[in-house]
Amino acid sequence: MRPLAEPEIRASFVNCTKGEAKRLAVPRDLNTRPWDDLDFLGWQDLASPGRAYLVAEHGGRLVGVALRRAAPHAGHLRRSMCSLCLTTHTGDGVALLTARRPGGGGDSVGAYICTDLACSLYLRGKKDVGPGGRMHESLTLDEKIGRTAANVADFLEKVTQ
């Protein structure tokens, strides 16, 4: 992914008002993000743990979506799989994140996604999820990256339809 600046990140959001986009918490570490290893920019709002954001190239333009995290279930020790990168996590490492569709109709789209939105780093082995977090696959890294990019595109397509 190419490096992004705060103004273009804020302008990319399709499912919130301009005022909401102006007020959302953009990461302060944009200059030090590993852009070459990212397939999308994703982050949690540290001031509001129930909020997260995802920004990616989609349909020839930058598209950002505000996400809401479903309430975590206490005591879950089972593994859950991210629907974007297919990494498995124990506990609350994967959460149901929902995005309102633009237009104010009240519809939303949800997906189970790595809670920290670090899918790109898990995929490349830059962030460790622990034993059993990544299944052995015969796909090349490029094929895994392509699959994750397609999964992100599918999610954004569902949100923006």
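This passage describes the nonpolar core, the aromatic pairs, the cysteines, a buried serine and the salt bridges of a predicted model.

The largest nonpolar core comprises 43 residues. Within this core, Ile-9, Phe-13, Leu-54, Val-65, Leu-67 and Phe-155 touch the most other members. Contributions of at least two residues each come from strands E1 (41–44), E2 (51–58), E3 (61–69), E6 (94–100) and E7 (108–114), and likewise from helices H3 (119–123) and H4 (141–160). In soluble globular proteins, nonpolar side chains tend to be buried together. For Ile-9, the contacts beyond four places in sequence are with Leu-4, Val-26, Leu-30, Leu-41, Trp-43 and Val-55.

Two members of this description, Phe-13 of the core and Trp-43 among the contacts of Ile-9, recur in the aromatic pairing. Three aromatic pairs are present in the structure. In one of them, Phe-13 and Tyr-53 adopt an edge-to-face arrangement, with 5.8 Å between the ring centres and 90 degrees between the planes. This pair connects distant parts of the chain, since Phe-13 lies in the loop between helix H1 (6–11) and helix H2 (18–23) while Tyr-53 belongs to strand E2, the two being 40 residues apart. Phe-13 has a relative accessible area of 9% and is buried; Tyr-53 is likewise buried, at 3%. Tyr-53 also pairs with Trp-43, here in a tilted geometry, the centres being 5.2 Å apart and the planes 35 degrees apart. This second pair again links distant parts of the chain, with Trp-43 in strand E1 and Tyr-53 in strand E2, ten residues apart. Trp-43 and Tyr-53 are both buried. Through these ring pairs, Phe-13, Trp-43 and Tyr-53 are joined into a cluster.

The cysteines were examined next. The disulfide count is zero. The cysteine sulfur closest to that of Cys-85 belongs to Cys-114, at a distance of 3.7 Å, which is too far for a bond; the cut-off applied to a disulfide is 2.5 Å between the sulfur atoms. Cys-85 is buried, with a relative accessibility of 0%. Cys-16 is buried as well, at 17%.

A polar residue in a buried position is found in helix H3, where Ser-120 is located. Its relative accessible area is 3%, and Ser-120 therefore counts as buried. A polar atom of the Ser-120 side chain lies 2.8 Å from the backbone nitrogen of Asp-39. When residues up to four places away in sequence are set aside, Ser-120 touches Asp-37, Leu-38, Asp-39 and Phe-40.

Asp-39 takes part in a salt bridge too, its partner being Arg-124, with the closest N and O atoms 2.8 Å apart. Because Arg-124 is placed in the loop between H3 and H4 and Asp-39 in the loop between H2 and E1, this pair ties together parts that are 85 residues apart in sequence. Arg-124 is buried, with a relative accessible area of 18%, whereas Asp-39 is partly exposed at 21%. These values fall on either side of the limit for burial, which is under 20%.

In total, the model contains ten salt bridges. Among them is the pair of Glu-57 and Arg-2, whose closest N and O atoms are 3.5 Å apart. Glu-57 lies in strand E2 and Arg-2 in the segment before H1, so parts of the chain 55 residues apart in sequence are tied together. Both partners are partly exposed, Glu-57 with a relative accessibility of 44% and Arg-2 with a relative accessible area of 41%. A further salt bridge is formed by the side chains of Asp-92 and Arg-69, at an N to O distance of 3.5 Å. Asp-92 occupies the loop between strand E5 (88–90) and E6, and Arg-69 is in strand E3, so this pair ties together parts that are 23 residues apart in sequence. Asp-92 is partly exposed, with a relative accessible area of 47%. Finally, salt bridges with shared partners join Arg-2, Glu-8 and Glu-57 into one network.

Key. Residues numbered from 1 in each chain as written. Predicted model: local features only at pLDDT ≥ 70, side-chain atom pairs only at ≥ 80, totals over all residues. Heavy atoms only, no water. Core = buried A, V, L, I, M, F, W, Y, C linked by side-chain atoms within 4.5 Å. Buried < 20%, exposed > 50% of the residue type's maximum accessible area, 1.4 Å probe, protein only. Helix = DSSP H or I, 4+ residues; strand = E, 2+ residues; numbered from the N terminus. Contact = heavy atoms within 4.5 Å. Phe/Tyr/Trp six-rings, centres within 6.5 Å; stacked < 30°, edge-to-face > 60°. Polar contact = N/O pair within 3.5 Å; in protein donor to acceptor, adjacent residues only side chain to side chain. Salt bridge = Lys/Arg side-chain N within 4 Å of Asp/Glu carboxyl O.
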